[in-house]
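Work through the exercises below with the sequence and the coordinates open beside you. Each task is followed by a solution that proceeds in steps.

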Amino acid sequence: MKTQLDPNHWNACLGVLSRPLDSLDDVQRPAARVFEYYGRVMNGGHSLHFDVHGDSPDEELLRALKTLGADGHARILAEAFFLGRDAKRGGSEEDYVSESIEQLDMQFGRLSPDIPELLARYFQAHPE
């Protein structure tokens, strides 16, 4: 069952998450990190996320995903980091890595609950 939030509440929460990360508190920051990650992956896959953020493991983002209950998404991100690291080692594996990351992107899109649902639940659990 989908979590229903008032559109004004949803928009207010997204407004908070759009602020600079350094201005967010310990409750807001994990949601902001997940929201930012979700936007990048939905717009260009993990490749876009890595182009913008870099492909070094991001422990804060992994923790943020787990904080929101996005364990499957965290597993996919960890696997994508692993593949990205292997791609840096170079060689003829580049096509394989690219195809593997595309497969991870498709898995990401099929996970349920999805990130917007998990964010809605988080917003409801943390009304402040």
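A salt bridge is taken here as a side-chain nitrogen of Lys or Arg within 4 Å of a carboxyl oxygen of Asp or Glu. The model to which this rule is applied is a predicted one.

**Exercise 1. Apply the salt-bridge rule to arginine 121 and glutamate 117, and describe the setting of the pair.**

Step 1. The closest N and O atoms of arginine 121 and glutamate 117 are 2.9 Å apart, and the two residues form a salt bridge, because the rule asks for a separation within 4 Å.

Step 2. Both residues belong to helix α6, where their spacing of four residues places them about one helical turn from each other.

Step 3. The two partners are then assigned to burial classes, for which buried means under 20% relative accessible area and exposed means over 50%. Arginine 121, with a relative accessible area of 38%, is partly exposed, whereas glutamate 117, at 6%, counts as buried.

**Exercise 2. Which salt bridges does arginine 33 form with glutamate 36 and with glutamate 60, and where do these partners lie?**

Step 1. Arginine 33 and glutamate 36 meet through their side chains in a salt bridge with an N to O distance of 3.8 Å. This pair is contained in helix α2, its members being three residues apart, or about one turn of the helix.

Step 2. Arginine 33 also forms a salt bridge with glutamate 60, for which the closest N and O atoms are 2.8 Å apart. Here the pair links distant parts of the chain, since arginine 33 is in helix α2 and glutamate 60 is in helix α3, 27 residues apart.

Step 3. With a relative accessible area of 5%, arginine 33 is buried, while glutamate 36 is partly exposed at 33% and glutamate 60 is likewise classed as partly exposed at 24%.

Step 4. Arg33, Glu36 and Glu60 are among the members of a salt-bridge network that also includes Asp22, Arg29, Arg40 and Asp58. By the rule stated at the outset, the count of salt bridges comes to eight.

**Exercise 3. Characterise the surroundings of arginine 40, another member of that network.**

Step 1. Arginine 40 lies in helix α2, and its relative accessible area of 16% makes it buried.

Step 2. When neighbours within four places in sequence are left aside, arginine 40 is in contact with Gly45, Leu48, His49, Val52 and His53.

Step 3. The C-alpha atom of arginine 40 is separated by 9.7 Å from that of aspartate 51, a residue eleven places away along the chain.

**Exercise 4. At what angle do α2 and α3 pack, and which residues make up their contact?**

Step 1. The axes of α2 and α3 are 9 Å apart and form an angle of about 110°, which makes α2 roughly perpendicular to α3.

Step 2. From α2, the residues Arg29, Pro30, Arg33, Val34, Tyr37 and His49 meet Glu60, Leu61, Ala64, Leu65 and Thr67 of α3.

Step 3. By class, the residues of this contact comprise six nonpolar, two polar and three charged.

**Exercise 5. Carry out the same analysis for α1 and α6.**

Step 1. These two helices pack at about 95°, with their axes 11 Å apart, so that α1 is roughly perpendicular to α6.

Step 2. The α1 side of the contact consists of His9, Trp10, Cys13, Leu14 and Leu17, and these residues meet Pro116, Leu119, Ala120 and Phe123 in α6.

Step 3. The contact of α1 with α6 divides into eight nonpolar residues and one polar residue, with no charged residues.

**Exercise 6. Which residues touch the most other members of the largest nonpolar core, and which elements contribute to it?**

Step 1. The chain has six helices and zero strands, and buried residues make up 38% of its 128 residues.

Step 2. The largest nonpolar core has 35 residues, of which Leu65, Leu77, Ile115 and Phe123 touch the most other members. Two or more residues of this core come from each of α1 (7-17), α2 (28-53), α3 (59-67), α4 (71-88), α5 (94-110) and α6 (115-125), and the largest share, seven residues, is given by α2.

Step 3. Leucine 65 may be followed further: with residues up to four places away in sequence not counted, leucine 65 touches Val34, Tyr37, Ala70, Asp71, His73, Ala74, Leu77 and Ile115.

Step 4. For the chain as a whole, among contacts with a separation of 6 or more, 71% are between residues 24 or more positions apart.

Technical notes:
Residues are numbered from 1 along each chain as its sequence is written. This is a predicted model: local features need pLDDT of at least 70, side-chain atom pairs count only at pLDDT 80 or more; totals for chains, interfaces and linings use all residues. Side-chain values use heavy atoms; hydrogens and water are left out. A nonpolar core is a set of buried Ala, Val, Leu, Ile, Met, Phe, Trp, Tyr and Cys residues joined through side-chain atoms within 4.5 Å. Buried means under 20% relative accessible area, exposed over 50%, partly exposed in between (1.4 Å probe, protein chains only). Contact means heavy atoms within 4.5 Å. Axes are lines fitted to C-alpha atoms, for helices over the stretch in contact, and angles run from 0 to 180 degrees between N-to-C directions. Angles under 35 degrees count as roughly parallel, over 145 as roughly antiparallel, 65 to 115 as roughly perpendicular and the rest as oblique. Ala, Val, Leu, Ile, Met, Phe, Trp, Tyr, Cys and Pro count as nonpolar, Asp, Glu, Lys and Arg as charged, and the others, Gly among them, as polar.
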